[in-house]
Number of protein chains: 2
Amino acid sequence: MLDERKKIILKITVKDYIESAQPVSSRILAKKYLLGWSPATIRNEMADLEEEGYLIQPHTSAGRIPSDRGYRFYVDFLLDNYELYDEDIEVANSIIFYSIDWEGLLRKVAELISERTAFIGVVLFPQLDKTTLKKIEFIDLKEDAVVIIVTTSTGVVKEKIVRLSNSMSEEEFKDLRIELNSRFENRKLQEIYWTLSKEKIDLKIPIEIKNGILDVLQDLLYTEREEGVFVAGVSKILQHLEFQNINKVKTLLNVLEEEKIISSLLFTSYLRKGLTILIGEEISIPELNDCSIITTVYSLGENTIGSIGMIGPKRMKYERSLAFVELIGKTLSERLTQLLGD
Amino acid sequence: MLDERKKIILKITVKDYIESAQPVSSRILAKKYLLGWSPATIRNEMADLEEEGYLIQPHTSAGRIPSDRGYRFYVDFLLDNYELYDEDIEVANSIIFYSIDWEGLLRKVAELISERTAFIGVVLFPQLDKTTLKKIEFIDLKEDAVVIIVTTSTGVVKEKIVRLSNSMSEEEFKDLRIELNSRFENRKLQEIYWTLSKEKIDLKIPIEIKNGILDVLQDLLYTEREEGVFVAGVSKILQHLEFQNINKVKTLLNVLEEEKIISSLLFTSYLRKGLTILIGEEISIPELNDCSIITTVYSLGENTIGSIGMIGPKRMKYERSLAFVELIGKTLSERLTQLLGD
DNA sequence: TTTTAGCACTCTCCTTTTAAGACTGCTAAT
DNA sequence: ATTAGCAGTCTTAAAAGGAGAGTGCTAAAA
């Protein structure tokens, strides 16, 4: 863990870089922010931070910029309080005044996000999720391995082999099977996923099996997912400094036109049911290495049905972006529930 | 009109530029195409062509490139026979194998166009066109001016003042009104537009009034049009040489994200009911000055219901593009009629 | 009268040079 | 543990130079 001074230096470095888009030098840090340490001291600290992977030096005689790890640390531990501009709140609330069709509303939300932030707004179509669980079955392979077999109402069967750290008796398997089936039979896959993935669950189940089932469920949900997305404001992203290079733009546009890629990103957030953020390489799409993605879900009544998000450069104001996306998600859910809730 | 030699030189200049993307020099023309005239002669001819506005010289010591006027002349008078690659035909015919939903089919068509040509594919949603004519009325203002008043089934009233070159008697107005109303009452606006805009029509009607009615109809149709469009393959356009400049890309993307603009371009083609082509400034959208747009219509049975098109750089192979778009339009119409025709 | 050879001139584009400026890392002093 | 000072590195912008491509014009040839 970083000591206090390193944290301060990292935090200010990230903030300054987000603002200025210029590699941050020790001199700037000392002079602009009156930290009370000399440039030389700060230089030493920054060299340490670079060694530990939080900062990067574009070239020998340049200042430093945050690495993905640096941004991640910043987002996880150094963020100031969320700050919402009054106008952001106003814009989010304006959703309440739209009563166009379902599709039109979602499209409007994507446009709203992009207009207000000058980043890209994305919306995943509502997931139908009618598929329910038919049965969970186990086959004991001995040698502490077991096959999990899941059958769904749509007739799809999927299995997965799992290794156990502690062996289980015939009896225990039987109990677990009965318990799981009685509890989850005919329930929606998404609901089961959600219940199982909660930290606390009053069910005696080995962690490996639990994770195995979760994997299978995710797999099933993923292949049957609704892939439709709205992507709005692609042209807006070009005004940012990181996209002045034509080749970057090309590869970026390529990715953004692949609905499958965007929908799969949003789908992950949908399954996790919460505000999520991916930074640079965490997205696992090389073309989006300069971007961060913030997503959250929207729901109809009690049911999470889809997700929305924002794609922008890593160099974004996270406090504001996170708060804004979260707010939009909530407001959209309210509006949908109000319009269509039972 | 240009003499034979100028035509040949213009034609080859355009063709070579489309192929090479380099300003075409007199030397290239003489040497590569063995025209039998010396570079000096060709130089003189090219200077003439420039003076008449068919060619442009990027700078003093460069070859020449076609102006919009040059492209237009080429497309109107110098085109070789349409050439369809076998693969283009195959791709167009593949439409027949899609039987996904209506919307999916249209989206697929836009993608097909862009995939096959590496340009942008666009599709205008089907126009509902339920609006019919209620009444056409005239008010004689004397002094050879008359107000045309058109009322529609949706209750919209629109009028237009028209000047006449030959005055009409009270009697003639009455006859015309009766004739027009008996003939067009309760007919769809689009149908009336189409009938009236035909060259030959067995109806005694002053040209000014006819054009006035057409204007009003176009206006009515335009404001009530379905604005939805699909735009596919925006990223593909970036591989072309004319879009290597980041600022051009920005403005281009801006326009392409404006559905209203694209739909209005397509709507014009829809009203004209045929294969149309606009080159550069003819499009009247500064951001598309480097582009040409080829559009055609698609129909369900006898009824034209929408239009499709392609947006690419002016420097495109017109023979192929025109043929391809036309073919796609026809094939799509056949497929739609087969799927949904009554 | 039309065509062509020849040449001076122009403009682009690429490479090289030069210089200024921004920071760092390291050393030695505090 | 901190800091001043300085040599060294790298970027960036501007300037200079030179090759190459192509034209317009003139005067000669057809």
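This report covers the protein surface around DNA strand D and one helix of chain B, in a predicted model.

**Around DNA strand D**

The surface near DNA strand D is made up of three nonpolar, twelve polar and four charged residues. Helix H3 of chain A, residues 39-51, gives the most to this surface, with four residues. Of the 19 residues around the strand, those that come nearest are Thr41(A), Thr60(A) and Ser61(A) from chain A, and Ser26(B) and Arg64(B) from chain B. Among the atoms of DNA strand D that come within 4 Å of the protein, 77% belong to sugar and phosphate.

The table gives polar side-chain contacts with the strand.

| Residue | Partner in DNA strand D | Distance |
|---|---|---|
| Arg5(A) | phosphate oxygen | 3.1 Å |
| Ser26(B) | phosphate oxygen | 2.8 Å |
| Arg43(B) | base nitrogen | 3.2 Å |

Ser26(B) thus appears both among the residues that come nearest to the strand and with a polar side-chain atom 2.8 Å from a phosphate oxygen. For Arg43(B), an N or O atom of the side chain is paired with a base nitrogen.

**Helix H12 of chain B**

Helix H12 of chain B runs over residues 259-272. Its 14 residues, at 1.5 Å a residue, should span 20 Å, and the C-alpha atoms at its ends are 20 Å apart, so the expected span and the model agree. The buried residues of H12(B) are Ile262(B), Ser263(B), Ser264(B), Leu265(B), Leu266(B), Phe267(B), Ser269(B), Tyr270(B) and Leu271(B). After H12(B) comes Lys273(B), which has a positive phi, near 60°.

How values were computed. Residues numbered from 1 in each chain as written. Chains lettered and ligands numbered in written order. Predicted model: local features only at pLDDT ≥ 70, side-chain atom pairs only at ≥ 80, totals over all residues. Heavy atoms only, no water. Helix = DSSP H or I, 4+ residues; strand = E, 2+ residues; numbered from the N terminus. Expected span 1.5 Å × (residues − 1). Buried < 20%, exposed > 50% of the residue type's maximum accessible area, 1.4 Å probe, protein only. Near = heavy atom within 4 Å. Polar contact = N/O pair within 3.5 Å; in protein donor to acceptor, adjacent residues only side chain to side chain. Nonpolar A, V, L, I, M, F, W, Y, C, P; charged D, E, K, R; others polar.
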